[in-house]
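Trainee: I've got a protein model open and I'm not sure how to read it. Could you walk me through it, feature by feature?

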Amino acid sequence: MLAAFVTALALQTAPDAVGCALTPEHLANNRTLSFEAFDQAGSTPWTARKLGERECYVEAARASEDYLLHGPELTERQRQVVSWHLGQYLASSGAELEAARVMATTIRREEMTPDNFDWNTYVLGTHAFLTKDRAAMDAAVAALSAQEGMRNQINARALRRLQGCFDRPYREAYACPAE
């Protein structure tokens, strides 16, 4: 009881400490934000992005889910991005199998981008990590590493970090040293 009081007091007195509390009012405010303000910029402390930055992963997942259900109409691509981040927050909270299911929904119809961005292989590799399918993980790493383009190489490095720390939880593996 005393520890909870001290923690609450510290949060009240620290000027930049916002904490992880996510109220119905915060959720209602998030619903009024554009995709860019909610997901990309994190324009308030209660957006999923800002909650995730504070390692409030359960609340970040809750904010993302609520935004998908009750927020503004999004394009298919925007829904996929919010869903991907929802999956990352779930994975970071330890709910890796649930995260894998959410992330699977972000597979995109084949479309050519100017830089031949291979999103689907990144999704498959991350899914393989979360479901502990080593063969699929290795195949995705090899395929994405062979792709040209800056975005492909950024995602290939992320997959190689997951591959290098395959037996660790997502949150730890995602931060493993690169190559």
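Trainee: How much accessible surface does the protein chain have, and what percentage of it belongs to carbon and sulfur atoms?

Mentor: First, a word on the source. This is a predicted model, in which local features need pLDDT of at least 70 and side-chain atom pairs count only at pLDDT 80 or more, while totals for chains, interfaces and linings use all residues. Residues are numbered from 1 along each chain as its sequence is written, and side-chain values use heavy atoms, with hydrogens and water left out. Now your question: accessible areas come from the Shrake-Rupley method with a 1.4 Å probe, and for residues only the protein chains shown count as cover. Here the surface is about 9,900 Å², and 57% of that belongs to carbon and sulfur atoms.

Trainee: What secondary structure does the protein chain have?

Mentor: Helices (H or I, at least four residues) and strands (E, at least two) are DSSP runs, numbered from the N terminus. The protein chain has 11 helices and 0 strands, so reading from the N terminus you get α-α-α-α-α-α-α-α-α-α-α.Trainee: What percentage of the residues in the protein chain is buried?

Mentor: Buried means under 20% relative accessible area, exposed means over 50%, and partly exposed lies in between (1.4 Å probe, protein chains only). Of the 179 residues in the protein chain, 42% are buried.

Trainee: And among contacts between residues at least 6 apart in sequence, what percentage joins residues at least 24 apart?

Mentor: A contact means heavy atoms within 4.5 Å. In the protein chain, 53% of those contacts join residues at least 24 apart.

Trainee: Let's try disulfides. How many are there?

Mentor: The rule is a pair of cysteine sulfur atoms within 2.5 Å. By that rule the count is 2 disulfides. One is formed by C20 and C56, with sulfur atoms 1.9 Å apart. This pair links distant parts of the chain, 36 residues apart: C20 is in the loop between α1 (2-13) and α2 (24-31), and C56 is in the loop between α4 (48-53) and α5 (57-70). The torsion about their S-S bond is about -70°, so the disulfide is left-handed.

Trainee: Are C20 and C56 buried or exposed?

Mentor: They split. C20 has 30% relative accessibility and counts as partly exposed, whereas C56, at 2%, counts as buried.

Trainee: Which residues does the other disulfide join?

Mentor: That one joins C165 to C176, S to S 1.9 Å. C165 lies in the loop between α10 (150-164) and α11 (170-174), and C176 in the segment after α11, so the pair ties together parts 11 residues apart in sequence. With -120° about the S-S bond, the link of C165 and C176 is left-handed, and both cysteines are buried. Number the bonded cysteines in sequence order and the pairing reads 1-2, 3-4.

Trainee: What about salt bridges? How many does a search of the whole structure find?

Mentor: Here's the idea: side chains of opposite charge can pair when their charged atoms come close. The cut-off is a side-chain nitrogen of Lys or Arg within 4 Å of a carboxyl oxygen of Asp or Glu. The search finds 6 salt bridges. One of them pairs R31 with D66, at 2.7 Å from N to O. R31 lies in helix α2 and D66 in helix α5, so the pair ties together parts 35 residues apart in sequence. R31 is partly exposed, with a relative accessible area of 32%, while D66, at 10%, counts as buried.

Trainee: Which residue does E53 form a salt bridge with?

Mentor: E53 pairs with K50, and their closest N and O atoms are 3.3 Å apart. An α-helix has 3.6 residues a turn, so residues three or four places apart point the same way. E53 and K50 are 3 residues apart in helix α4, separated by about one helical turn.

Trainee: And which residue does E76 form a salt bridge with?

Mentor: E76 pairs with R109, the closest N and O atoms being 2.8 Å apart. E76 is partly exposed, with a relative accessible area of 42%, and R109 is exposed, at 62%.

Trainee: Now a helix. Which residues of α7 are buried?

Mentor: The buried ones are E96, A99, A100, V102 and M103. Seen down the axis of α7, they fall within an arc of 165° (the arc of the directions from the helix axis to the C-beta atoms), so they line one face of the helix. Their cover includes α6, α8 and α11.

Trainee: How many residues of α8 are buried?

Mentor: α8 is mostly covered, with 10 of its 13 residues buried. Among them are W119, Y122 and F129. The buried residues of α8 pack against α6, α7, α9 (134-145), α10 and α11.
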